[in-house]
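Visitor: I've got the sequence and the model open side by side. Can you walk me through the fold?

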Amino acid sequence: MTSQSATRGSGGAIRLGIIGAGNIGHAHMSAFKQLPGVELALVTDMNRHLAERRKLEHQIGTVADSAEAIIGDPSIDAVVIAVPNLSHAPLAIQALRAGKHVLLEKPMAIDTASAKDIVRVERESGRVLLVGHQMRWEWVAQAIKAQADKQAFGRIYHVKAGWLRRKGIPGWGTWFTQKAQSGGGPLIDIGVHMLDLSLHLMGGPRPVAVYGSVYAELGPQRRGIGTWGTPDWNGRFDVEDMAAALIRMDDGSMLSLEASWAVHLDTDSAPFVHLLGTEGGAAYRGSRGKLLTERFDREVELELATPADDEGSRLRMSRHFLACVRGEEKPVTTAMTGLASNLVLGAIYESSRTGREVELDWTL
């Protein structure tokens with residue numbers, strides 16, 4: 001990083017480049033433009049017209065011709081990478097090597113090998129890499145985490161988590177449903193959120209072994225189509241539409257994880273996490289949460305109240321990223337937390353293929 005950009009990162013306005021102007025990129029732009037100390041300087045997208053539209057919507061300085069142009073611009077301090085999964089690792093590695101701080105959308109990488117590459121480069125670069133798991137920043141998650149950190153639940157020995165959409169396949173036939181570009185279906189798309197959130201609430205135990213199965217039952221029949229994205233009926237569907245797994249941790253605790261885009265199930269399609277502890281538990285579903293315990297031989301439940309001034313998860317995450325770039329905070333979702341997710345996801349796919357438990361290989 002040049003001395004000029006280092007000075008900006010220490011107190012001046014951080015110049016930010018946005019790579020990807022789709023729905024997720026749009027969400028990042030909407031958040032960052034509300035915060036002080038950051039300038040939305042450049043944006044790019046394969047769809048030039050979309051990038052031009054975002055430039056006007058968010059008062060961004062310039063539309064760049066390519067991701068490489070943003071990464072190579074010495075005036076840019078940090079980049080947001082919000083593109084299809086296949087490009088996550090190559091662009092993140094390129095940006096880190098160019099001295100940029102990186103906010104990288106989930107999943108961190110399309111596979112475990114690429115995730116390990118990111119970890120190695122991040123360590124060499126000395127730059128910040130934050131994986132965009134905004135669910136950690138939801139007020140419910142933060143309220144439950146605060147109680148977990150106080151040992152209010154005792155030892156958390158089991159977690160049941162998932163995100164079961166009944167009818168929610170995104171962009172049938174597009175990159176979302178092509179394994180070579182996405183890495184998988186709902187497991188790597190929304191299941192990764194619940195995996196990361198669960199590990200976070202559990203206190204960060206190390207996953208060591210996985211047994212799981214994935215299924216493609218409705219998607220190949222063009223059933224379960226959602227409203228996210230525009231279908232390409234000339235494309236293909238070669239990913240799963242439902243996944244389930246048991247994940248064993250190094251401390252003996254267990255995580256039961258489920259994710260679906262399409263399933264015949266009585267579900268409200270909301271994400272959920274249930275923590276089971278020796279002294280109490282917590283339930284998180286959608287935008288609601290409760291704490292559970294037993295006192296004087298009676299069940300006790302406490303509904304969590306939404307803060308009156310809640311600013312939302314993306315604003316909190318974006319503010320945290322800027323603080324990390326300035327050296328004021330340490331990232332809560334690092335390349336290593338991203339690697340943990342990729343290791344588990346890869347092991348679930350491998351376990352489904354072989355029908356056996358898969359042990360995780362943490363060597364870099």
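Visitor: How many bridges pair strand 9 with strand 10, and in which sense, parallel or antiparallel?

Guide: Bear in mind that this is a predicted model. Strand 9 covers residues 242-249 and strand 10 covers residues 254-260. One facing pair puts Ile 247 opposite Leu 255 in strand 10. The two strands pair over seven bridges, and the sense is antiparallel.

Visitor: Which strands stand at the edges of the sheet of nine strands?

Guide: That sheet is open, with mixed pairing, and its order reads 14-13-12-11-7-10-9-8-15. Each edge strand has a single partner, so one side of it is left without a neighbour in the sheet. Those are strand 14 (298-303) and strand 15 (358-359).

Visitor: Helix 7 lies across some strands; at what angle does it run to strand 12?

Guide: Helix 7 takes in residues 139-149 and lies across strand 7 (156-164), strand 11 (271-277), strand 12 (281-285) and strand 13 (288-295). Its angle to strand 12 is about 170°.

Visitor: And helix 11, what angle does its direction make with that of strand 8?

Guide: Helix 11 packs on the sheet and touches strand 8 (207-215), strand 9, strand 10 and strand 15. With strand 8, its direction makes about 55°.

Visitor: What is the strand order in the sheet of six strands?

Guide: This one is an open sheet with parallel pairing. Strand 3 (62-63) and strand 6 (129-132) each have a single partner strand, so they stand at the edges. Inside the order, four bridges join strand 4 (residues 78-81) to strand 5 (residues 101-105), with Val 79 opposite Val 102. The full order is 3-2-1-4-5-6.

Visitor: Are helix 5 and helix 6 roughly parallel or roughly perpendicular?

Guide: The axes of helix 5 (residues 88-97) and helix 6 (residues 112-125) come within 9 Å and cross at roughly 10°. Angles under 35 degrees count as roughly parallel. That makes the arrangement of helix 5 and helix 6 roughly parallel.

Visitor: How many charged residues does the contact of helix 5 with helix 6 have?

Guide: On the helix 5 side, the residues include Ile 93, Leu 96 and Arg 97, and on the helix 6 side they include Asp 117, Ile 118 and Glu 122. By class, the contact has six nonpolar and two polar residues, and the charged ones number three.

Visitor: How do helix 2 and helix 10 lie, roughly parallel or roughly perpendicular?

Guide: Helix 2 (residues 23-32) and helix 10 (residues 313-325) have axes 9 Å apart and pack at about 70°. Among the residues that meet are Phe 32 in helix 2 and Phe 321 in helix 10, and by class the contact has eight nonpolar, two polar and one charged residues. Since 65 to 115 degrees counts as roughly perpendicular, the two helices are roughly perpendicular.

Visitor: Which peptide bond is cis, with omega near -15°?

Guide: Most peptide bonds are trans. Look in the loop between strand 5 and helix 6, where Pro 107 lies. The cis bond runs from Lys 106 to Pro 107.

Visitor: Which elements give two or more residues to the lining of the second largest pocket?

Guide: About 220 Å³ of space lies in that pocket. Of the 14 lining residues, the closest to its centre are Leu 199, Gly 204, Pro 205, Thr 337 and Ala 340. The elements that give two or more residues to the lining are helix 9 (186-201) and helix 11 (335-354).

Methods. Residues are numbered from 1 along each chain as its sequence is written. This is a predicted model: local features need pLDDT of at least 70, side-chain atom pairs count only at pLDDT 80 or more; totals for chains, interfaces and linings use all residues. Side-chain values use heavy atoms; hydrogens and water are left out. On a 1 Å grid over the protein atoms alone, a cavity is a set of points where a 1.4 Å probe fits but cannot get out, and a pocket is an open set with protein on both sides within 12 Å along at least five of seven lines; lining residues have an atom within 4 Å of a point. Grid points are joined across faces, edges and corners, and a volume is the space filled by probe spheres set on the points. Two strands pair if DSSP finds at least two bridges between them. Axes are lines fitted to C-alpha atoms, for helices over the stretch in contact, and angles run from 0 to 180 degrees between N-to-C directions. Angles under 35 degrees count as roughly parallel, over 145 as roughly antiparallel, 65 to 115 as roughly perpendicular and the rest as oblique. Contact means heavy atoms within 4.5 Å. Ala, Val, Leu, Ile, Met, Phe, Trp, Tyr, Cys and Pro count as nonpolar, Asp, Glu, Lys and Arg as charged, and the others, Gly among them, as polar.
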